[in-house]
Structure formats: C-alpha cells, structure tokens
Amino acid sequence: RLDDLFASLKAWRTSPVFGTGYYNDDSVIAQFAYPRPNNGLSMGLPVLLAQGGLFLVALYIGAAVTCTMRMSGYARRQVASFFVTYFVLMFVSNIPFSFLAMLLLAFSLEGLRDARRFAG
C-alpha cells in the first residue's frame, strides 16, 4: 500500500492540476518502486489525485460540501458524517470511479431540491 501511495503521489507531481488522465492506471504503475505480478491499485483517494489532479479532487470535495450545506440541523451532521466516512473509505479502497461513487457524485451535485422533505 505504501508503494501505491508513493507511486500515486509521484504520478500526481507530473501533472498536479489536471492529473495524468481519467482511469490511466499505467501512469501510476510506471512509478512503482517494486515490480509485482498484480498491478491493481489499492488506494482510491491518492489514485484520484494522480489521475484527476486537484481539479477532480475539488469536484468530489465540492460536491460533498454542497450537499452538506443544503441540509440543516441534525440532517447536516448526518450527511457530513456520511461524507467523512465515504472519504475514509475512498482512501483505504479503490472506489473513486465505481458506479456507486459516480452515482453519489451525481446525486450530490444535482441540487437535492427536496432534501428537507427527506431529512425529516
């Protein structure tokens, strides 16, 4: 995992603003210090930073903040806790481009027009 982390950070340094390209695992794999037979990446947030740069990371964080700020009271704390847990999960597993991650991103950016009705 540390090799994945350092390789992702090295790949990110080559293009910090926009990253090395969406789903471009080869840019990270090329930075590995130790060759291995399974080149699967294990840490999602550093991979997101390497492949999407600050631009894509800001999109994920902006969506989380926007979604959280649209809530009020206890619902805001619940949504904030959810996103903190989500980002921790994204750091320890490689899920930034999964279907559920894209669905959550789209849902968070959509606007949540009826969020107060669902918040209770």
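R36 has a relative accessible area of 27%, which places this arginine in the partly exposed class. That makes a good starting point for some exercises on this model, which is a predicted one.

**Exercise 1. Salt bridges around R36**

Task: Find which residues pair with R36 in salt bridges, and where the partners lie in the chain.

Solution, step by step:

1. Begin with the principle: side chains of opposite charge can pair when their charged atoms come close.
2. Look at D4, whose side chain meets that of R36 in a salt bridge with an N to O distance of 2.4 Å. The two residues are 32 residues apart and join distant parts of the chain, with D4 in helix α1 and R36 in the loop between α2 and α3.
3. Turn to D3, which also forms a salt bridge with R36, here at 4.0 Å from N to O. This pair too links distant parts of the chain: D3 sits in helix α1, 33 residues from R36.
4. Check the cover of each aspartate. Buried means under 20% relative accessible area. D3 has 12% and is therefore buried, and D4, at 4%, is buried as well.
5. Put the pieces together: D3, D4 and R36 are linked in a network of salt bridges, and the count of salt bridges comes to 2.

**Exercise 2. The overall layout**

Task: Describe the protein chain by its secondary structure, its dimensions and its surface.

Solution, step by step:

1. Count the elements: the protein chain has 6 helices and 0 strands. Along the sequence, this reads as α-α-α-α-α-α.
2. Fit a box along the principal axes, and the C-alpha atoms fill roughly 50 × 25 × 20 Å.
3. Consider burial next: of the 120 residues in the protein chain, 38% are buried.
4. Take the surface: the accessible area comes to about 7400 Å², and carbon and sulfur atoms account for 68% of that.
5. Finish with the contacts. Among those with a separation of 6 or more, 70% are between residues 24 or more positions apart.

**Exercise 3. How α1 meets α3**

Task: Decide whether helices α1 and α3 are roughly parallel or roughly antiparallel, and name residues that make the contact.

Solution, step by step:

1. Locate the helices: α1 covers residues 2–14 and α3 covers residues 44–69.
2. Compare their axes, which come within 8 Å and cross at roughly 5 degrees.
3. Apply the cut-off: angles under 35 degrees count as roughly parallel. The two helices α1 and α3 are therefore roughly parallel to each other.
4. List the contact. On the α1 side it is made by L5, S8, L9, A11 and W12, and on the α3 side by P46, V47, L49, A50, G53 and L54.

**Exercise 4. Two loop residues, Y23 and I95**

Task: Classify Y23 and I95 as buried, partly exposed or exposed, and find what each one touches.

Solution, step by step:

1. Place Y23 in the loop between α1 and α2. Its relative accessible area is 52%, so Y23 is exposed.
2. Check the backbone of Y23: phi is near 60 degrees, a positive value in a residue other than glycine.
3. Search for the contacts of Y23. Not counting residues up to four places away in sequence, Y23 touches Q51 and F97.
4. Move on to I95, found in the loop between α4 and α5. With 23% relative accessibility, I95 is partly exposed.
5. Leave out neighbours within four places in sequence, and I95 is in contact with G44, Y86, L89, M90 and A101.
6. Add a distance: I95 and L45 are 50 residues apart along the chain, yet their C-alpha atoms are separated by 8.4 Å.

**Exercise 5. A nonpolar patch**

Task: Identify the residues that make the nonpolar surface patch, and work out how F91 is classed by accessibility.

Solution, step by step:

1. Gather the members: V84, V88, L89, F91 and V92 make a nonpolar surface patch of about 420 Å².
2. Place F91 in helix α4, which spans residues 74–92.
3. Classify F91: its relative accessibility is 35%, so F91 counts as partly exposed.
4. Connect this with the previous exercise: L89, one of the patch residues, is also among the contacts of I95.

Notes: Residues numbered from 1 in each chain as written. Predicted model: local features only at pLDDT ≥ 70, side-chain atom pairs only at ≥ 80, totals over all residues. Heavy atoms only, no water. Patch = residues over 30% accessible without salt bridge, like charges linked within 9 Å, V, L, I, M, F, W, Y side chains within 5 Å. Areas by Shrake-Rupley, 256 points an atom, 1.4 Å probe, with all protein chains shown as cover. Helix = DSSP H or I, 4+ residues; strand = E, 2+ residues; numbered from the N terminus. Buried < 20%, exposed > 50% of the residue type's maximum accessible area, 1.4 Å probe, protein only. Axes fitted to C-alpha atoms, helices over the stretch in contact; angles between N-to-C directions. Parallel < 35°, antiparallel > 145°, perpendicular 65-115°, else oblique. Contact = heavy atoms within 4.5 Å.
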